[in-house]
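Please consider the following account of a single sheet and of one residue within it. The sequence and the coordinates are shown first.

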Amino acid sequence: QVQLVESGGGLVQAGGSLRLSCAASGIIFSINAMGWYRQGPGKQRDMVATITNGGSTNYADSVKGRFTISRDNAKNTVYLQMHSLKPEDTAVYYCNARGRRSIVSTANYDYWGQGTQVTVSS
C-alpha cells in the first residue's frame, strides 16, 4: 500500500516561513500529480497547491505569491515552501498523491498523508 510521509510542520510567528516535505513510498503504479491540502477546525479540506509530473502548478488564491510547490518526480516527493505566513494559514496540512492504482484502472485515486500541523501566531 502507498504511504505518504510528511514533515516540516511547526509553530512560527506571522511573517515567518516553513517548508513542508512529503514523500510517497510503497508500490505505486503511477502518480499523476501531488499536492497539499489544508483543513482548519470546523472547515473543509481545501486545496492549497498541486503540481503535475510535468510541472504544471495550481494554487489557491489565498496563497498565491506566498507559497511555492515543487516536486522531485524520481523520488515521488513534493515540497511546499511557505513564506509570509499569516494566522489564517493555521491548519493541518495534508499531502496528497493522485494517480492510477493499477494498469487496468482508468480513474484516478487519491492517497493521503496523516497531516502535519502548521500554526502561525499573531
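Two residues are said to be in contact when heavy atoms of theirs lie within 4.5 Å of each other. The model discussed here is predicted.

The sheet provides the framework for this description. It is an open sheet of four strands, arranged in the order S1-S3-S8-S7, with antiparallel pairing. Strand S1 (3-7) and strand S7 (67-72) form the edges, each of them pairing on one side only. On average, and with direction ignored, neighbouring strands of this sheet are turned by 15 degrees against each other.

At one edge, S1 runs antiparallel to strand S3 (residues 18-25), and five bridges join the two. Within this pairing, Val-5 has Ala-23 of S3 as its bridge partner. The two faces of S1 can be told apart by their cover: Leu-4 and Glu-6 make up the covered face, whereas Gln-3, Val-5 and Ser-7 make up the uncovered one.

Attention may now turn to strand S8 (residues 77-82), in which Thr-77 is located. Is Thr-77 buried or exposed? Its relative accessibility is 8%, and because buried means under 20%, Thr-77 counts as buried.

Which residues surround Thr-77 in the fold? Leaving aside residues up to four places away in sequence, Thr-77 touches Cys-22, Ala-23, Met-34, Ser-70, Arg-71 and Asp-72. One of these, Ala-23, is also the residue of S3 that partners Val-5. In addition, the side chain of Thr-77 reaches the backbone oxygen of Lys-75 at 3.0 Å.

Methods:
Residues numbered from 1 in each chain as written. Predicted model: local features only at pLDDT ≥ 70, side-chain atom pairs only at ≥ 80, totals over all residues. Heavy atoms only, no water. Buried < 20%, exposed > 50% of the residue type's maximum accessible area, 1.4 Å probe, protein only. Polar contact = N/O pair within 3.5 Å; in protein donor to acceptor, adjacent residues only side chain to side chain. Pairing = 2+ DSSP bridges. Axes fitted to C-alpha atoms, helices over the stretch in contact; angles between N-to-C directions.
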